[in-house]
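Reader: I am new to this structure and should like to learn how its features are read. Might we begin with the contacts between chains?

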Amino acid sequence: MAINWFKYASPATFYPLAGRMLPWFVWTTVVLMAVGVYMGLFLAPTDYKQGEAYRIMFIHVPAAWMSMWLYVVMAVYAAIGLIYKTRLSSMMAAATAPTGALFAFAALWTGAFWGRPMWGAWWVWDARLTSELILLFLYLGVMALRSAIDEPGRADRASGLLALVGVVNVPIIYFSVKWWNTLHQGASLKFSGSAMAPSMLWPMLVLTFAFWSYSFVTILLRVRCEILERERHADWVIDLLDNGPSGNRGR
Amino acid sequence: MAVFFHMGGYALYVWGSYGVMAVLLVAELVLLSRRNKSLVARLRSLREMEKDAE
Amino acid sequence: MNGVAASPAGGGLVAAIGGVVRRDVLLAMRRRMDVLTSVVFFVIVASLFPLGVGPEMATLRIIGPGVLWVGALLASMLSLGRLFASDYADGTLEQMLVQPNPLSLLVLGKVWAHWLSTGLPLVVLAPVLGLQYGLGLDTLGILVVSLLLGTPALSLVGAVGAALTLGLRGGGVLLALLVLPLYIPVLIFGAGAVEAHISGLGAGGHLALMGAFLVASSVLSPWAAAAALRISLD
């Protein structure tokens with residue numbers, strides 16, 4: 001029997017569902033975060049080349065991965081929203097952008113704090129750092145366009161289209177920046193890309209899933225706000241407000 | 001313990017990264033739950049006003 | 001969008017696009033000051049850099065290609081706001097939406113006209129400004145070729161941003177935020193072509209990639225810009 005996915009695409013169905021999912025993701029995040037940080041700071045041995053500073057990688061790399069992954073997620077939601085005109089998909093795209101931008105910023109920040117002791121400079125025009133910076137700009141563009149448009153329908157579609165244009169351009173931008181980088185300063189500056197010991201790989205993976213789970217939490221919280229704001233005149237919202245919340249801590 | 005916090009001389013960089021990361025993540029959560037609460041409160045008071053008007 | 005609608009024949013379509021180009025170029029000629037503004041902006045930016053960096057020709061020769069490219073890029077971006085604005089204000093754009101020809105091709109015509117009236121003057125002016133930076137004649141030639149390939153791509157990509165921000169408050173700054181990150185590949189290869197030529201590596205590879213970028217953007221961006229116009233006018 002086929003599941004009717006469009007049933008879950010209705011904000012009225014999704015709002016309580018998101019509320020029920022939230023605690024699970026909160027606890028998953030807390031546990032994974034604690035385990036990952038413990039592994040990264042205590043269990044992983046000191047790197048013979050980079051000393052303790054390489055522990056920054058355990059949050060830098062997952063943050064960078066999440067920032068890229070969330071851009072793809074946002075673009076997919078935007079595409080679904082544009083094609084099937086499902087409002088919820090567009091709201092999910094809108095809810096994804098700020099968390100993605102946050103991870104892009106975090107990746108840049110931790111990259112700078114890693115680069116200062118390793119490369120001797122807070123900022124180096126490394127291909128990956130530069131692309132990450134441009135990715136942050138792309139996020140900010142989507143968010144700025146959305147907030148500049150008052151009418152929600154137009155905001156959804158315009159920022160969705162921009163997200164799609166961005167996702168087509170991201171590989172082009174990445175390869176051009178990489179090419180520019182190798183032309184200008186050679187390949188002397190590189191992350192140590194040698195085979196990683198399992199004790200170093202595991203914290204990175206665990207923290208990646210921790211950040212992923214964290215993204216679920218913030219995106220679900222944000223999409224619940226979006227839904228309430230847009231559907232405030234719908235019967236089910238009025239019902240929710242009158243009869244007290246089932247999924248809210250409000251009262 | 002002091003050795004741990006010293007981070008082999010990289011304390012500023014390691015704690016600067018982990019600290020800011022933690023602040024960012026917590027700040028986003030706090031802002032979101034505040035937004036959620038004030039939104040529900042606002043909608044609810046609007047609803048009360050509507051009811052009174054009826 | 002479905003371009004199948006009843007345009008009489010291929011000839012009618014070409015005539016329609018040609019009409020759009022002719023009309024827009026004519027309009028641009030009427031408002032000569034608009035065209036001049038972006039050209040003057042380019043000149044001023046290019047003249048400011050030596051004042052900020054210092055007059056040593058050795059330094060200027062190094063930064064020259066990059067500065068001229070960034071200047072041309074900003075000048076062409078500044079004029080983007082006008083691409084659809086007047087047609088939006090007087091309702092012509094609404095007419096374009098309902099006529100039988102595919103909107104994306106009319107957009108292509110508008111972008112082409114926009115490039116003729118704002119991009120081409122920048123290309124023509126660039127070698128003169130290049131002299132201020134002590135660039136050699138053959139280098140200036142490569143600069144012109146790279147701008148010839150690059151500025152149309154800028155106009156095409158910029159058209160998507162212009163269509164998305166149509167009629168929004170604070171449109172100008174917003175447009176810059178949307179469009180500038182997308183300009184980066186063109187800038188890298190454009191300025192890179194000139195630098196590669198100076199360093200003796202040859203600009204062929206860069207120029208070939210710019211050509212590819214121009215072709216890809218002239219296929220994809222009119223379509224995206226047309227979709228954006230439909231969203232903005234809805």
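Author: Two residues are in contact if their C-beta atoms, placed from the backbone, lie within 7 Å. Please note also that the model is predicted.

Reader: How many residues does the contact take from chain C and from chain A?

Author: By that criterion, chain C contributes 21 residues and chain A contributes 22 residues. On the side of chain C that touches chain A, the elements giving two or more residues are α7 (137-164), α8 (171-198) and α9 (204-233) of chain C. The most comes from α8(C), with ten residues.

Reader: How do the residues on the side of chain C that touches chain A divide into nonpolar, polar and charged?

Author: That side of chain C has 16 nonpolar, three polar and two charged residues.

Reader: Which pair of chains shares the most contacts?

Author: Two pairs of chains are in contact, and chains A and B share the most contacts. Their contact takes 24 residues from chain B and 30 residues from chain A. The side of chain B that touches chain A comprises 14 nonpolar, five polar and five charged residues. Chains B and C, by contrast, do not touch, and their nearest C-alpha atoms lie 23 Å apart.

Reader: I should now like to turn to helices. What describes two packed helices?

Author: Two packed helices are described by the angle between their axes and by the distance between those axes. In chain C, helix α2 (residues 32-53) and helix α3 (residues 57-78) pack at an angle of about 150 degrees, with axes 9 Å apart. Angles over 145 degrees count as roughly antiparallel, and α2(C) and α3(C) are therefore roughly antiparallel to each other. The crossing in which α2(C) passes α3(C) is right-handed.

Reader: Which residues make the contact of these two helices?

Author: From α2(C) they include F41(C), F42(C), V45(C) and F49(C), and from α3(C) they include L60(C), I63(C), V67(C) and L74(C). The residues of the contact of α2(C) with α3(C) divide into 15 nonpolar, three polar and no charged.

Reader: Finally, what pLDDT does chain A average?

Author: Chain A averages a pLDDT of 84, and 87% of the residues score at least 70. Among its elements, helix α3 (residues 57-84) of chain A has the highest mean pLDDT (92), whereas helix α1 (residues 5-8) of chain A has the lowest (67).

Reader: Where in chain A does pLDDT stay under 50?

Author: One such stretch is residues 186-190 of chain A, for which the model has four contacts beyond four places in sequence. Another is residues 246-251 of chain A, with ten contacts beyond four places in sequence.

Notes: Residues are numbered from 1 along each chain as its sequence is written. Chains are lettered from A and ligands numbered from 1 in the order in which they are written. This is a predicted model: local features need pLDDT of at least 70, side-chain atom pairs count only at pLDDT 80 or more; totals for chains, interfaces and linings use all residues. Axes are lines fitted to C-alpha atoms, for helices over the stretch in contact, and angles run from 0 to 180 degrees between N-to-C directions. Helices (H or I, at least four residues) and strands (E, at least two) are DSSP runs, numbered from the N terminus. Angles under 35 degrees count as roughly parallel, over 145 as roughly antiparallel, 65 to 115 as roughly perpendicular and the rest as oblique. A crossing is left-handed if the near helix is turned anticlockwise from the far one by less than a right angle, and right-handed if clockwise. Ala, Val, Leu, Ile, Met, Phe, Trp, Tyr, Cys and Pro count as nonpolar, Asp, Glu, Lys and Arg as charged, and the others, Gly among them, as polar. pLDDT is the predictor's confidence in each residue, from 0 to 100.
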